[in-house]
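I opened this notebook to record what I looked up about charge, burial and contacts, chain by chain. The entries follow the order in which I checked things.

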4 protein chains.
Amino acid sequence: MNVAIIGASGYTGLELIKILINHPKFNITYIANSTGNENVQDLHPCLAGVIDVEVSKADASEVAKVADLAFLALPHKTSMFFAKELLDLGVKVVDLSADYRLELETYEKHYCPHEDKEHIKDSVYGLPEYYKNDLKDAKLVANPGCYPTASLLALLPFVDYIQEDSQIFIDAKSGVSGAGKKLSEVAHFVNLNENHHAYNPFKHRHMPEIEEKVKKVKNKEFQINFVPHLLPITRGMLVSVFATLKEEIDVEKVLEDAYKDSEFVRVRKTPVDLKSTAGTNFCDIFVSRNGKALFINSSIDNLLRGASSQAVVNANIMCGYEEGEGIPKIAYVP
Amino acid sequence: MNVAIIGASGYTGLELIKILINHPKFNITYIANSTGNENVQDLHPCLAGVIDVEVSKADASEVAKVADLAFLALPHKTSMFFAKELLDLGVKVVDLSADYRLELETYEKHYCPHEDKEHIKDSVYGLPEYYKNDLKDAKLVANPGCYPTASLLALLPFVDYIQEDSQIFIDAKSGVSGAGKKLSEVAHFVNLNENHHAYNPFKHRHMPEIEEKVKKVKNKEFQINFVPHLLPITRGMLVSVFATLKEEIDVEKVLEDAYKDSEFVRVRKTPVDLKSTAGTNFCDIFVSRNGKALFINSSIDNLLRGASSQAVVNANIMCGYEEGEGIPKIAYVP
Amino acid sequence: MNVAIIGASGYTGLELIKILINHPKFNITYIANSTGNENVQDLHPCLAGVIDVEVSKADASEVAKVADLAFLALPHKTSMFFAKELLDLGVKVVDLSADYRLELETYEKHYCPHEDKEHIKDSVYGLPEYYKNDLKDAKLVANPGCYPTASLLALLPFVDYIQEDSQIFIDAKSGVSGAGKKLSEVAHFVNLNENHHAYNPFKHRHMPEIEEKVKKVKNKEFQINFVPHLLPITRGMLVSVFATLKEEIDVEKVLEDAYKDSEFVRVRKTPVDLKSTAGTNFCDIFVSRNGKALFINSSIDNLLRGASSQAVVNANIMCGYEEGEGIPKIAYVP
Amino acid sequence: MNVAIIGASGYTGLELIKILINHPKFNITYIANSTGNENVQDLHPCLAGVIDVEVSKADASEVAKVADLAFLALPHKTSMFFAKELLDLGVKVVDLSADYRLELETYEKHYCPHEDKEHIKDSVYGLPEYYKNDLKDAKLVANPGCYPTASLLALLPFVDYIQEDSQIFIDAKSGVSGAGKKLSEVAHFVNLNENHHAYNPFKHRHMPEIEEKVKKVKNKEFQINFVPHLLPITRGMLVSVFATLKEEIDVEKVLEDAYKDSEFVRVRKTPVDLKSTAGTNFCDIFVSRNGKALFINSSIDNLLRGASSQAVVNANIMCGYEEGEGIPKIAYVP
């Protein structure tokens, strides 16, 4: 199937290119960014000797001529305009931005007014382990945020066992590639190197995303208290979920049962690390209990499982291919 | 005052030497390790051109001849034998090991049988902000663990406001110098670089130390659920304490009131980072609230405030000097 | 074709597994290390969910039953015993150790007495750009050292233009994965992090390897003055070659002509970096001139082009496959 | 003596503040940057609890009222205007920019037209080991560049022994703090982390500075071929000088003789590293020989010996104090 990548300049755009080049079913026919007129090797020198194509200035009608599915690796708000046009032209969309991840009301509260109220209500949340059936028929998939991916995969199996009036705390740590390619104080080498710190505690926009999906999938309302941190590394994400159980259950069994059929979730017997998932679509999860105190610990590659490879898994399911077709299981970094 | 450093080979021994060389009141008269017969510059090449003395094979009676106070930077269990001898010879002791930190019963449960039951009951826990009066007359000070230092300074001001039946979670992250100079899989560069992971969740021996001190200082019993992590950096420690408040209090005010007279605790308006405390004895603390959910966030240098500089602060107080005499407030790394 | 990997525990063994799993022509039938009796996932946890086989205790006659070609990722000296046995049993060998890289005399001078004098004289040096014809019929290929690979690819095109009586200097920098998986002072995180230093200046055993190959390929004798350094990173190798030209030639043209038909050498217009070659088999080269002073600058992934992926290229050529069959051109790290 | 720091916002300005706060003879009376109206703790949060003063908008006549000596940590070209004004008002100047380092002609060729032709000819080059006598009476000291400091201290002892028609090559590596506080592609964390590369080979403006000083100090003309690199670390600088000797001399003895009376140069028996000099004013040097091939290897902290602490050493000498007064010999980072 012919596919387009819109938003090729950033880190997730590059990862999409790298995965799709070797994909046995998808064929890249269109690569675009906001300016065009540049060889993809000038954008990403690591692609010299690998792929030699011109990057176009993004244009939905051109996409519709050459592709059946488009990956949008665009900033929030820019994405919804493209998605709308593409969907109206009959092109399937996997959107890596936040634009279609939330209920309209939640979105407008935390982001901005939405310009595509028609499609947002039909979008499918692209967390394959929990939305596989819906994904099969989807025209528009909203690829989850990186933090929600790692947090929900850890938390969802345990939601039914958590004390109803208790607080859930998530202490999450990400490599700085999640902050993107744009220069920033936070990503200035001298500022981050040998350093580590939280940012936006209780105020990150992935917090309502996690809360909403817990409610939708499990029909339970919890206050999620989310504190993200930056690690002095390029990629990888480690999430610690802390909660209070109703009773002292066998947490390992709960976790194993939840993912016994999942190709891309690995239940681990020891605390997870970033190395084992870096460069892959795997989510590794470990769980431990201290009386009723619960600790669930997950690890993903923030740019792959947290963005680009999960997007291709979603596309695989939308197109009726095997979930794992062309998806990296061994390292694919940097 | 003449002082001895026993255990000069490790990281905390080196930091003690670096601080005491420039201290206006203390004069190093004896440096020892387990082998002796080596110039201190061969142990620590960075000391060439700075200090040129022979390292002795540790011997308590020799210490007693030349020093009034000894810093012990020794492994747990080795330390209690030296401390006992030195105290019996009239030498004051600041012990950086765990040997005198806990009640006898707690110690023997989590470490090993204790060989100095006489002195353990008189030791003072060297967290200056909470034990200053006791420190003034102490003969034996047990320098706190690095994690307990950062955790207790964050947690103690809030203990009275936390829901009594609720869980307290501590997600702590340390640079790998805390694991010491000995070669280990965990500290092998390839294993840790670009990596991050928890270790010993709910099982680290600093967990009972925190629980015990919360009880002793605040007379409240809480289950502390402690999960330490390794950061791919040399030094620094970031602690996140998560708890549930009884009611929605003004947490900033509680924190400011607690430390308004503390020379070495800085209350911050934004999440703390490691850079600002690295190389100093400062503990930086930030607090935030989401309804009743509480997040307290502290940062220290694990080898200084978490070990060597706090030891020298304790010695200052024991000897009637100013708390901050000779203590690094600006970077002192590596 | 069925292949065996002997020496699966180390870093190059792991890279071989990762490449060969996805190789369209080679089929792994045997994986061994010195102990055996272990699942490959216990050796390398990143392989969970990817490959699930028992690692054997290495045994040449077992190899001969199931494989036509063996990759040896063994220490120097151990390797020659296996190679000899395998060759006598009719199994082709790609040896990643130093055992067959040098003339017998050079080898015995810099390493140790050689136990397989029969095969060493027929081994082919596996630097594909310069030995492709010999590789086609080879039974035994000696995979080059990592430093010689990067140094020779940079230097060889210019040898004829360098002043005959002048010194050639090579300042080379490697990530620490080159030092292997074994714990060592040099690879202790605290020692290497935020650090950088030379080691074995003028005494590294890759120095005579470079000298010998310059002489064999170009029939010119030069004193090569080689100084390797360790970088505080996991992988990647940057080589600077400095030499004095006979006259002020067009060095860019010389370089471009040398590699215009090479699939895995990319001539760059700006100084090369490690990111662009990390995870691939590419060697990037840049050249610059200041009057008669010459600077040639090459970059490779020390574990791939410097070891495992180059080994698979050599195997491809030995077996009549395309040189680039199954070889990583986009990142394949860690 | 009262001193001013002009240019307090950058990394070298911060290091000056940190050194001068604890200096026993100098008293900071004025701190300025280009905007003023800000507490120094807002510029540098690590200074909270250490120093609490307002930063002024830089004004030479205000400086003259409160200080006898000013440190200028300003960009090239800005510096000469301030220096001129200050000198005319009778204030001594230590200038950390390039504005007074070179002969007028060399400066204008490599930088820009000079606006203070009067003082440039009387400035003293602040490399204390080679200019101590001139520094004693200096009104204006040009603090050397970081690369020239490390390169000249390594090279100068050997200049008389190098073959006269031969090329000298310098392969230099710096931590990225040398590139300053301003955001840049090169210092974006994702770009530099796990990376390493040369920049401006044969074109860096420190190259003519080294050439000129070799000629001035030793009266020998050599072509210096200088290639700088960026290391994925915050601070530290390692320099490799490669040259061809006239004959096979005892290079260790030459080096030891050159620096036997130098407080801040340490001759090492093994290759130098960055850890040992980080945070200090030391320059460590190692030398090795391979026949006539010479390798000299030096290490400094680029922000201290390469800038701020060397500036204070120069000020000490200008003011008749001991060279090492208040100068860090043990770590002072970050």
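Entry 1, a charged patch. I began with the surface and found a negative patch formed by A:D59, A:E85, A:D88, A:E118 and A:D122. I took patches as residues with over 30% relative accessible area and no salt bridge, like charges being joined within 9 Å and nonpolar side chains (Val, Leu, Ile, Met, Phe, Trp, Tyr) within 5 Å. Asp and Glu count as negative and Lys and Arg as positive, while His and the chain ends are not counted; a charge is placed at NZ of Lys, CZ of Arg, CG of Asp or CD of Glu. The areas come from the Shrake-Rupley method with a 1.4 Å probe, and for residues only the protein chains shown count as cover. Within this patch I looked up A:E85, which is found in helix α4 (residues 78-88) of chain A and is partly exposed at a relative accessible area of 44%.

Entry 2, conventions. I note that this is a predicted model, in which local features need pLDDT of at least 70 and side-chain atom pairs count only at pLDDT 80 or more, whereas totals for chains, interfaces and linings use all residues. Residues are numbered from 1 along each chain as its sequence is written, chains are lettered from A and ligands numbered from 1 in the order in which they are written, and side-chain values use heavy atoms, with hydrogens and water left out. I call a residue buried under 20% relative accessible area, exposed over 50%, and partly exposed in between (1.4 Å probe, protein chains only). Helices (H or I, at least four residues) and strands (E, at least two) are DSSP runs, numbered from the N terminus.

Entry 3, salt bridges. With a salt bridge taken as a side-chain nitrogen of Lys or Arg within 4 Å of a carboxyl oxygen of Asp or Glu, I find a count of 92 over all chains. In chain A, A:K18 forms one with A:E15, the closest N and O atoms being 3.1 Å apart. Both residues lie in helix α1 (residues 11-21), three residues apart, about one turn of the helix, and both are buried. A:E15 and A:K18 are also linked with A:R235 and A:D301 in a network of salt bridges.

In chain C, the side chains of C:E263 and C:K329 meet in a salt bridge at 2.8 Å, N to O. Because C:E263 lies in the loop between α11 (251-259) and β13 (265-267) and C:K329 in the segment after α12 (308-318), the pair ties together parts that are 66 residues apart in sequence. C:E263 is partly exposed at 34%, and C:K329 is partly exposed at 22%.

Entry 4, one helix face. Which residues of helix α7 (residues 128-136) of chain D are buried? They are D:P128, D:E129, D:Y131 and D:L135. These residues cover an arc of only 130° around the axis (taken from the directions from the helix axis to the C-beta atoms), which puts them on the same side of α7(D).

Entry 5, two loops. B:A98, in the loop between β6 (92-95) and α5 (104-110) of chain B, is buried at 1% relative accessibility; B:A98 and B:L74 are 24 residues apart in sequence and 9.6 Å apart in space, C-alpha to C-alpha. C:R205, in the loop between β10 (197-198) and α10 (206-218) of chain C, counts as partly exposed at 36%.
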